[in-house]
Amino acid sequence: SQSAFTYVDGVLHVEGVSAVTLAEQFGTPLYVYSRAALTDAYAAYARACAGRRASVHVAVKANSNLAVLNVFARLGAGFDIVSGGELARVLAAGGKAENVVFSGVGKGADEMREALDAGVKCFNVESIPELDRLNAVAGALGKRAPVSLRVNPDVDPKTHPYISTGLKANKFGVAFDEARATYRKAAALPHLDVVGIDCHIGSQITEISPYLDALDKVLELVEQIEADGTSIHHIDVGGGLGITYANETPPEIESFVRTLLERIETRGHGHREVFFEPGRSVTGNAGVLLTRVEFLKAGEEKNFAIVDAAMNDLARPAMYQAYHAIDMVVPRSDASKVYDVVGPVCESGDWLGRDRSLAVEPGDLLAIRSAGAYSFTMSSNYNTRPRAAEVMVDGTEAHVVRARETVRELFAGESILPR
Ligand code: LLP
């Protein structure tokens, strides 16, 4: 998917469009996505699933722009949602509720109602109180809710602690040792239909072994649950496959999918449907954040390149010390210096890249890479900064898929006291 971002005559292009033109036309900071890159990444999942009972539910939280969701919907994708808001986005983008799985540790009764009314494919339930709530909500609507339990296989995904989710110490899922009993409880509730099992062990995972360890534990559990008389139609292996931000070498999407499907088959579970919930691996390297250098500032210990994007636009560096490659849109041949690339927000944590070698001048454009996942979706209005515009490039055309916010919009819902 990186091939959608190439230099042509010394200028970074997104597919057939110059990033300089994009910045001039739409302003900065600017999120730019490539339709081809989104399509290629999804197609890799689809190819590896072809001919199997397997489906791909794109995790909306990674990138919830309607145009992005619509590109996936047109390719036949399903979606993994975690809120009523994400459900509304999927439906507005042309996705079908029957291809939606509803994940999340704290679903509200209203959200459950909306999802039942829409007719989602499955609720991934994470606790007994959630089972009880869903049972009550479904009963009141005269419906039955399809459920799978998210089990916590207690494996270490070897990723950043903030995005590990399958360890005992995490808030997610039903503890492995309690899963069998929890399934019995679910099966006994009158307004629930147990249909599957799921797990999700973390994000930005760059090795396949934690997946295989988790899968083996899940399959063992499936056999026990079926021995108790409840049949499991599908196994949802979650998302989490990592991407290359710097030097990481995650498995290729196709080989990752094939390896998991093979393991499921070899272990005698090939008749079950398999779900995948990728977010980052289908959107992450399909986007960049374009930003312009405002000032260069030589500090006593460090040089700073102050740019017009900030932690409110891209929170990952501040939140997780995450690395995003930063490239010149029009590279200069001058000698480079080492800079911290920082935003205008009033926090020392407002940095986008540290110790980057750049030959840069004020007014130059930078491209912050791998900004298609957990980037715009995690942006905020801190410091009353309107959120950036989003553009999707499709061949030689660029479409604004989210207008830049205006300051007026930011406080439109606020009011002052009457006296
Ligand atoms: N399924 C479930 C239940 C999830 O919780 C997640 C992500 C996914 C699927 C998709 O995972 P992915 O394929 O994108 O790794 N904000 C963090 C990432 C948080 C991930 C949360 N869950 C970041 O910026 O790195």
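**Ligand shell, domains and local geometry**

Sorted by class, the residues in the shell around the ligand come out as 8 nonpolar, 9 polar and 4 charged. This is a predicted model, and everything below should be read with that in mind. In total, 21 residues surround the ligand, and the closest are Ala59, Ser203, Gly239, Gly279 and Tyr374. As for secondary structure, the elements that supply two or more residues to this shell are α10 (280-283) and α11 (316-320). Both domains take part: domain 1 (2-33 + 284-411) and domain 2 (104-276) each give at least three residues to the shell.

That brings up the domains themselves. The protein chain splits into domain 1, made of residues 2-33 plus 284-411, and domain 2, made of residues 104-276. Taken over C-alpha atoms, the centres of domain 1 and domain 2 sit 36 Å apart. Where the two meet, 7 residues of domain 1 are in contact with 5 residues of domain 2. The domain 1 side of that contact holds 3 nonpolar and 4 polar residues, with no charged ones.

Within domain 1, the story can begin at the N-terminal end of the chain. Strands β1 (residues 5-8) and β2 (residues 11-14) run antiparallel and are joined by 4 bridges. Phe5 has Val14 in β2 as its bridge partner, and Tyr7 is partnered by Leu12 of β2. The two strands make a hairpin with 2 residues between them. Asp9, in the loop between β1 and β2, has a phi near 50°, which is positive even though the residue is not a glycine. Most residues other than glycine have a negative phi, and most peptide bonds are trans. Asp9 also counts as exposed, because just 7 C-beta neighbours fall inside 10 Å, against a cut-off of 12 or fewer. The hairpin belongs to an open sheet of 3 strands, in the order β1-β2-β3 with antiparallel pairing. Its edge strands are β1 and β3 (17-18), each of which pairs on one side only.

A little further along comes another oddity of the backbone. The peptide bond running from Thr28 to Pro29 is cis, with omega near -5°. Pro29 is placed in the loop that links α1 (19-26) to β4 (30-34).

Which residues does Ala367 touch, once its neighbours within four places in sequence are set aside? Its contacts are Leu12, Ala19, Val288, Leu290, Asp327 and Val329. Ala367 is part of strand β19 (residues 365-368). With 22 other C-beta atoms within 10 Å, Ala367 is buried; the threshold for that is 20 or more. There is also a long-range pairing in sequence terms: Val32 is 335 residues away from Ala367 along the chain, yet their C-alpha atoms are separated by 9.7 Å.

Over in domain 2, strand β9 (145-152) is mostly covered, with 8 of its 8 residues buried. In a regular strand, side chains alternate between the two faces of the sheet. For β9, both faces are covered: Ala145, Val147, Leu149 and Val151 are buried on one side, and Pro146, Ser148, Arg150 and Asn152 are buried on the other. β9 pairs with strand β8 (residues 122-125) in the parallel sense over 3 bridges. Among the bridged residues are Asn124 and its partner in β9, Ser148.

β9 also turns up in the surroundings of helix α7 (residues 176-188). The buried residues of α7 pack against α6 (128-140), β9, β10 (174-175), β11 (192-198) and α8 (209-227). Those buried residues are Phe176, Ala179, Tyr183 and Ala186. The helix is not straight, either: α7 carries a kink of about 25°, centred on Thr182.

One more non-glycine residue with a positive phi deserves a mention. Gln204, in the loop between β11 and α8, has a phi of about 55°. Is Gln204 buried or exposed? It is buried, because 24 other C-beta atoms lie within 10 Å. Asp9, by contrast, counts as exposed, so the two positive-phi residues described here fall into opposite burial classes.

How values were computed:
Residues are numbered from 1 along each chain as its sequence is written. This is a predicted model: local features need pLDDT of at least 70, side-chain atom pairs count only at pLDDT 80 or more; totals for chains, interfaces and linings use all residues. Domain bounds come from an automatic or database domain assignment. Ala, Val, Leu, Ile, Met, Phe, Trp, Tyr, Cys and Pro count as nonpolar, Asp, Glu, Lys and Arg as charged, and the others, Gly among them, as polar. A residue is near a molecule or strand if its C-beta atom, placed from the backbone, lies within 6 Å of it. Two strands pair if DSSP finds at least two bridges between them. The bend at a residue is the angle between axes fitted to the seven residues ending there and the seven starting there.
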